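The following exercises concern burial, backbone geometry and salt bridges. Each task is followed by a stepwise solution.

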Amino acid sequence: MKQRGIIAKELEKGYVSGITFSGGDPLYPGNREETGRLIRKVKQEFPDKTIWLYTGYTWEEINDLPYIGLIDVLVDGRFEEELADSSLKWKGSSNQRVIRVKKSMEAKRVILHQEKRKRQCALAGEGFVKGTVDLYRYQ
């Protein structure tokens with residue numbers, strides 16, 4: 001109970017946009033019931049705050065948990081040292097996925113949170129530069 005009080009006090013702050021659940025592993029079978037209770041409580045008391053969850057399990061293994069739909073973004077898959085890449089956003093190794101949970105549930109397939117694409121753009125005319133720009137596409 002004391003932990004929940006501390007969490008609520010922090011989430012009440014306007015500059016705090018949400019909460020992240022991460023390792024050990026919040027979805028380890030022994031943690032699932034309590035993690036679910038805490039996720040439900042956060043979403044009920046702070047519906048505008050985002051919930052991110054990191055787990056070593058894959059989406060396919062846990063997408064049927066009753067509270068998964070309350071999570072906004074799920075980073076799935078075990079961290080693999082040999083696939084580590086510090087340039088990746090929100091994840092540590094290339095085998096992990098950053099998943100938009102609600103969109104994935106609606107589509108009944110994995111929808112990634114953000115996909116970075118590089119595109120060539122050429123603008124004609126004086127003062128314009130031809131080059132590469134980074135575009136982020138939300139699915």
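**Exercise 1. Classify the accessibility of Lys41 and of its salt-bridge partner.**

Step 1. Lys41 has a relative accessibility of 34% and therefore counts as partly exposed; buried means under 20% relative accessible area, exposed over 50%, and partly exposed in between (1.4 Å probe, protein chains only).

Step 2. The model is predicted: local features need pLDDT of at least 70, side-chain atom pairs count only at pLDDT 80 or more, and totals for chains, interfaces and linings use all residues. Residues are numbered from 1 along each chain as its sequence is written, and side-chain values use heavy atoms, with hydrogens and water left out.

Step 3. The side chain of Lys41 forms a salt bridge with that of Glu45, at 2.8 Å from N to O; the term denotes a side-chain nitrogen of Lys or Arg within 4 Å of a carboxyl oxygen of Asp or Glu.

Step 4. Glu45 has a relative accessible area of 39%, so this residue is partly exposed.

Step 5. Lys41 and Glu45 are separated by about one helical turn because they stand four residues apart in helix H2. Helices (H or I, at least four residues) and strands (E, at least two) are DSSP runs, numbered from the N terminus.

**Exercise 2. Determine which parts of the chain the salt bridge between Arg97 and Asp76 links.**

Step 1. The side chains of Arg97 and Asp76 meet at 2.6 Å, N to O.

Step 2. This pair links distant parts of the chain, with Arg97 in strand S4 and Asp76 in strand S3, 21 residues apart.

Step 3. Arg97 is partly exposed at 23% relative accessible area, whereas Asp76 is buried at 1%.

Step 4. Elsewhere, salt bridges with shared partners join Glu33, Glu34 and Arg37 into one network. The structure holds eight salt bridges.

**Exercise 3. Describe the surroundings of Leu11.**

Step 1. Leu11 belongs to helix H1, residues 2-11.

Step 2. With a relative accessible area of 3%, Leu11 is buried.

Step 3. Setting aside residues up to four places away in sequence, the contacts of Leu11 (heavy atoms within 4.5 Å) include Val16, Ile19, Val42 and Phe46.

**Exercise 4. Identify the backbone exceptions at Gly24, Trp90 and Lys108.**

Step 1. Most residues other than glycine have a negative phi, and most peptide bonds are trans.

Step 2. Gly23 and Gly24 are joined by a cis peptide bond, with omega about -20°.

Step 3. Trp90 has a positive phi of about 65° and is partly exposed at 35% relative accessibility.

Step 4. Lys108 has a positive phi near 60°; its relative accessible area of 76% makes it exposed.
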